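Hi,

Here is the structure I promised to pass on. Have a look at it first, and my notes follow below.

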Amino acid sequence: MKINENTLLEGNNVVLVPYDAKHVPRYHEWMKSPELQQLTASEPLTLEQEYDMQRSWREDDDKCTFIILAKQQWADGSVEEEQCMVGDVNIFLTDPTDPTLAELEIMIAEPGHRGKGIGREVTHMMMSYGVTKLGVQKFEAKIGLNNEVSVAMFKKLHFQEASVCEVFKEVTLAMTVDESVRTRLLEATADMKERDYRRTCSDRREHV
Ligand SMILES: CC(C)(COP(=O)(O)OP(=O)(O)OC[C@H]1O[C@@H](n2cnc3c(N)ncnc32)[C@H](O)[C@@H]1OP(=O)(O)O)[C@@H](O)C(=O)NCCC(=O)NCCS
């Protein structure tokens, strides 16, 4: 999606930036991990395919993605942005007849950054962005039945089980955005700041 190509979202512990070609080599390294392939139900891609994928996430109207940066490292202006990367988060508008339905995907690729509240914070930020900027009214998360951490996180965030597919060993958790959910999301992301990505990059320290 073009909508977020120059958008930076700053949270308490993370900064979300648009997925750019410069992020691809590190992303590609992550996805060589059999553990991540299994947890995210992903097939390994060649580097060239990964660049094609990045372009498609940027160009296609049904996909919105951000790279997750660790804010503490990012705020130290001397660290390259690629060195601050810890994962990614995506919204995929799966139904061409219903643009209010979004599939949500998140990956904290760096194991050392898991279990510290980043998954929860990023999910809230992306949902808030989806609701306010993309008009999303229902979220779904498709998760491997053996991915207990991810299932626990989405349930903790009030997603409900919608269906289980035994063939793909996958559960679909869903959440409809009614007024109370919207209020809760906006409260959870009250401190989130939206900035101009390119301008902020050129002088990071000034902005934090
Ligand atoms: C699943 C994932 C996104 C969770 O993010 P995270 O930053 O590790 O999770 P958080 O620290 O924000 O914790 C949020 C909730 O997740 C659950 N959780 C986190 N770590 C857990 C663990 N080790 N065991 C069980 N539940 C856990 C808890 O419910 C937690 O809420 P609580 O702290 O109030 O108990 C992250 O672990 C990840 O990306 N893993 C690898 C890739 C993946 O599985 N992606 C999802 C594909 S569907």
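Keep in mind that this is a predicted model. The stretch from 14 to 160 is 39% helix and 25% strand, and its end C-alpha atoms sit 26 Å apart. That same span is what UniProt, in an unreviewed entry, lists as "domain: N-acetyltransferase".

You'll probably want the ligand site next. There are 21 residues around the ligand, and the ones that come nearest are Leu39, Arg114, Gly119, Arg120 and Met153. Elements giving two or more residues to that shell are β5 (101–108), α5 (118–134) and α6 (148–156). The largest share is from α6, with six residues. Sorted by class, the shell has nine nonpolar, seven polar and five charged residues.

The other part I looked at is strand β2, residues 14–18. Five of its five residues are buried, so β2 is largely enclosed by the rest of the structure. Both faces are covered: Val14, Leu16 and Pro18 are buried on one side, and Val15 and Val17 on the other.

As for what β2 pairs with, there are two strands to show you. Strand β1 (residues 7–10) runs antiparallel to β2, with two bridges between them, and the two make a hairpin with three residues in between. Leucine 9 has leucine 16 of β2 as its bridge partner. Strand β3 (residues 63–70) also pairs with β2 in the antiparallel sense, over five bridges. There, valine 17 is opposite isoleucine 67 of β3.

Shout if anything is unclear.

Cheers

Conventions:
Residues are numbered from 1 along each chain as its sequence is written. This is a predicted model: local features need pLDDT of at least 70, side-chain atom pairs count only at pLDDT 80 or more; totals for chains, interfaces and linings use all residues. UniProt positions are given in the numbering used here, feature names are shortened, and annotations may be inferred rather than shown by experiment. Helices (H or I, at least four residues) and strands (E, at least two) are DSSP runs, numbered from the N terminus. A residue is near a molecule or strand if its C-beta atom, placed from the backbone, lies within 6 Å of it. Ala, Val, Leu, Ile, Met, Phe, Trp, Tyr, Cys and Pro count as nonpolar, Asp, Glu, Lys and Arg as charged, and the others, Gly among them, as polar. A residue is buried if 20 or more other C-beta atoms lie within 10 Å of its own, exposed if 12 or fewer, and partly exposed in between; C-beta atoms are placed from the backbone. Two strands pair if DSSP finds at least two bridges between them.
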